[in-house]
Amino acid sequence: MADNNTSAVIDEIKPINKVTFKQRMISYKRKPLSLVMLLLVALAAVLSAAALVFIIVYVLVRGIPNLTPELFALTYDSDNVSCMPSIINTIVLTLLTLLIAVPFGIGAAIYLAEYAKKGNKLVKVIRTMAETLAGIPSIVYGLFGMLFFVYALNWGYSLIAGAFTLAIMVLPTIMRTTEEALLTVPDSYREGSYGLGAGKLRTIVRIILPSAMPGILAGIILAVGRIVGETAALIYTYGSATGYATGLFNSGRSLAVHMYVLTNEGLHTDQAWGTAVVLLVLVFGINTLSAFIAKKLGNKKG
Amino acid sequence: MDKFTIDNMNLYYGKFHALKDVTLHMPKNKITAFIGPSGCGKSTLLKSLNRMNDLVEGCKITGDIRLDGTDIYGDMDINVLRKRVGMVFQKANPFPMSVYDNIAFGPRTHGIKKKSELDQIVEQSLRDAAIWDELKDRLKKSALGLSGGQQQRLCIARALAVKPEVLLMDEATSALDPISTGKIEELCLKLKEEYTIIMVTHNMQQALRISDNTAFFLLGEMVEYNSTDAVFSSPQDKRTEEYITGRFG
Amino acid sequence: MRLKTFRERAMQGVFFLTALASIAAVAVICVFLFINGVPAMAEIGFFDFIFGQKWAPTNVPASYGIFDMIVASVYVTAGAIVIGVPIGILTAVFLARFCPKPLYKILKPATELLAGIPSIVYGFFGLMVVVPFIRDNFGGFGSSWLAASIVLGIMILPTIIGVSESAIRAVPESYFEGALALGATKERSVFKTILPASKSGVLAAVVLGIGRALGETMAVVLIAGNQVQIPTKLTDGLRTLTANIVLEMGYSTGLHRQALIATGVVLFVFILLITLSMQAIKSRSEKHG
């Protein structure tokens, strides 16, 4: 009770050390350049935010009226330019890409975080290569995917060629986020597990991976965002066939490629706006999910 | 004459009452030392004198603090206040730039652009901080390459370069070896002819060696304030006596 | 017991092999690009290919000079940097040092969202909004160096903001306090002590932004006009290396196709150089930090 009273009293105190607007203006009057810098910094932040808001609002305003039932018709034809097949194709492509990339990404991260000795030369090379992969533009991935998977392996424009190409592309993302997640697992967990006589493998599988799971998941979802938004790496690997890609060696178009084709043809601008909305909603939904999971992890740590 | 006056000052960090009704008048051209165990509020009080506490979230101050009779929490330009009341931190914090640019940072901030004038200020400040001879050939070298003691004296020189009236020293020697500490103490005795020095120290011997007045703090309360000789030879409060005889802290 | 050790060893081997995947990927990418691209360069003539100013793959005899496109890529990247870097760095300063907490909670995710927008959406938006705006207000076709620079400038913002902000936050608070205690304003303390101290991180942000702008394809191909020329004014169109690949790969055959792959090789080499300088900056700042 006494405690409550004191806190109420403290809340009511009028402190003398609050920097008032007037005090601030007194300082800026002597140093006008500082005020200019402050305004510049604020202006830049406003511009950055305005760019985002403008793009999103513009796309939504132009796009939402075009979200007609025909745009989601089950079969595509050149009148309705339905994006339904490409949505399904995107989902299948995403799953297959993850199926390839996730085991490699997590395995590599486990090696780097749990097995590799510090200062190991090979580890340095692996990290450098992962960074190099992360810097390669998607069009170069597309070019490589075409040369290697489409022609050299003779898979043609196909689901599997697209998935392998994207798997290499998202590998560094998954590796990095997984490794970071593994490194946040406290050493006491490892010691506790070894103390109970568990081997290294068992410790990793039973203790470390589960506690790092939210971080790993957040990274995977981030990779999903990249896959869904990708265009340049897919045009010459997955191709742009309009139907459903029903087999591994069938060509199809992902939603982003669909949007590119619509834009390029220039005949279905309204539908392109609608498709842009679908794409934005998907990508933002995925990013929000990733941020949400990552935040949960952060809370648990704190 | 009193340089700084603090009357009925209270300070809160959120719900924590960190300084309780402190009244303290500090005379000009003297060294005033704040002593007391860690967490007693002495550094907090020091930082209130140049408003560095404003950076701390949830910090609330009440009362009255005046410099030469002017309310420093009133309409005084906060940057002018900090120019007049310089500060040396516990851990030397030279900027990651050359020795010369470190010293010239303050004067440049206050509008001095002329090279010849800056040169003169840099030399004078380094001389005043008794480090000119050591650094005169390294003015263009990075300040981060200096030893800990040199860095701290550089920071003192940097503070002197803006020609302050008061120098606040927040345990400025606590991270230094005895030789560097001795040099800085000597420096303080010389500087008090021109400046008013207020220092926080953990080291009671240091307070005894160089300060004119000493204030003893405990749990946010100012227990005793008197001439240093009086505080150490005949403390009025039992808690002061216990502290200086090493019973706690 | 023995089975257990075997399993441990086997899995360690498996993890090790997966770790090698990225090395293998880089190696295979290099090999395939180079063995497909380099012979074309040899056939066209290295000098004619890089410095040739005539790109006419369907002429008889055909010419394959990509110099204009190299210059175009550099121009577009420079344009994006001019627009994106100042705004990006200042926004990072705002986020790290001036942003009130409640606003930060909105603004920070917003800048990250900017990174999530797919490039095709940027391209489409540019085509429908930026291009007509330029056509109506500055003349020309609208699809231009300027249009591509603006859109790419926005696209690299999140990279510049994110990397710069963490570099600024990594600077010790004591520099800031030291400057304030000398009577410097908050703005001066930030711009004269914190920002200079974070320069290698900010530089890394810029280099990363350059890499992104240079490699961007889908947005550029829709809004840059794609004429093979060196633009003389901002409203002129141009064709970047990336656009060249996307535009012609679909129907090319023979030497034409190989020349496009060689274009990719040139782009790849540029990107490798950027990655290398990036790593040099990093290791330098680690040494000095």
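In this predicted model, a good place to begin is B:R51, a residue that is buried, with 23 other C-beta atoms within 10 Å of its own. The count leads to that label because a residue is called buried if 20 or more other C-beta atoms lie within 10 Å of its own. B:R51 is found in the loop of chain B that runs between α1 (42-48) and β4 (59-67), and its backbone has a positive phi of about 60° although the residue is not a glycine.

A comparable description can be given for a residue in chain C. C:N226 is not a glycine either, and yet it has a positive phi, here of about 70°. This residue lies in the loop between α10 (218-223) and α11 (241-249) of chain C, and it is buried, with 20 other C-beta atoms within 10 Å.

The loop between α10 and α11 of chain C is also the place of C:A224, which is buried, with 31 other C-beta atoms within 10 Å. Which residues does C:A224 touch, if those up to four places away in sequence are not counted? They are C:V76, C:S143, C:S144, C:A147, C:A148, C:G237, C:L238, C:R239, C:T240 and C:A243. As for C:Y64, which stands 160 residues apart from C:A224 along the chain, the C-alpha atoms of these two residues are separated by 21 Å.

With these residues located, the reader can turn to chain C as a whole. Its secondary structure comes to twelve helices and two strands, and, read from the N terminus on, the elements follow the order α-α-β-β-α-α-α-α-α-α-α-α-α-α. Taken along the principal axes, the box filled by the C-alpha atoms of chain C is roughly 75 × 75 × 30 Å. Of the 289 residues in chain C, 56% are buried. Among the contacts in chain C with a separation of 6 or more, 72% are accounted for by residues 24 or more positions apart. One further backbone detail belongs to the strands: the peptide bond from C:V60 to C:P61 is cis, with omega near -5°, and C:P61 lies in the loop that runs between β1 (55-56) and β2 (63-64) of chain C.

From chain C the path leads on to chain A, since the contact between these two chains takes 67 residues from chain C and 69 residues from chain A. Which helix gives the most to the side of chain C that touches chain A? It is helix α1 (residues 2-44) of chain C, with 20 residues. Sorted by class, the residues on this side of chain C divide into 45 nonpolar, 17 polar and five charged.

Chain A also meets chain B, and here 13 residues of chain A are in contact with 14 residues of chain B. On the side of chain A that touches chain B, α1 (2-12) and α2 (21-30) of chain A each supply at least two residues, and the largest share, five residues, comes from α2(A). By class, this side of chain A has six nonpolar, four polar and three charged residues.

Within chain A itself, a division into two domains can be followed, with domain 1 covering 2-65 and domain 2 covering 74-301. The centres of these two domains of chain A, taken over C-alpha atoms, are separated by 38 Å, and the contact between them takes six residues from domain 1 and five residues from domain 2. The side of domain 1 of chain A that touches domain 2 has four nonpolar, one polar and one charged residues.

The last stop is a pair of helices in chain A. Two packed helices are described by the angle between their axes and the distance between the axes. For helix α7 (residues 159-183) and helix α9 (residues 200-229) of chain A, the axes come within 8 Å and cross at roughly 150°. Angles over 145 degrees count as roughly antiparallel, and α7(A) and α9(A) are therefore roughly antiparallel to each other. Their crossing is right-handed. The residues of α7(A) that take part include A:L166, A:V170 and A:I174, while those of α9(A) include A:I208, A:A212 and A:I216. By class, the contact of α7(A) with α9(A) has 13 nonpolar, five polar and two charged residues.

Technical notes: Residues are numbered from 1 along each chain as its sequence is written. Chains are lettered from A and ligands numbered from 1 in the order in which they are written. This is a predicted model: local features need pLDDT of at least 70, side-chain atom pairs count only at pLDDT 80 or more; totals for chains, interfaces and linings use all residues. Domain bounds come from an automatic or database domain assignment. Two residues are in contact if their C-beta atoms, placed from the backbone, lie within 7 Å. Ala, Val, Leu, Ile, Met, Phe, Trp, Tyr, Cys and Pro count as nonpolar, Asp, Glu, Lys and Arg as charged, and the others, Gly among them, as polar. Axes are lines fitted to C-alpha atoms, for helices over the stretch in contact, and angles run from 0 to 180 degrees between N-to-C directions. Helices (H or I, at least four residues) and strands (E, at least two) are DSSP runs, numbered from the N terminus. Angles under 35 degrees count as roughly parallel, over 145 as roughly antiparallel, 65 to 115 as roughly perpendicular and the rest as oblique. A crossing is left-handed if the near helix is turned anticlockwise from the far one by less than a right angle, and right-handed if clockwise. A residue is buried if 20 or more other C-beta atoms lie within 10 Å of its own, exposed if 12 or fewer, and partly exposed in between; C-beta atoms are placed from the backbone.
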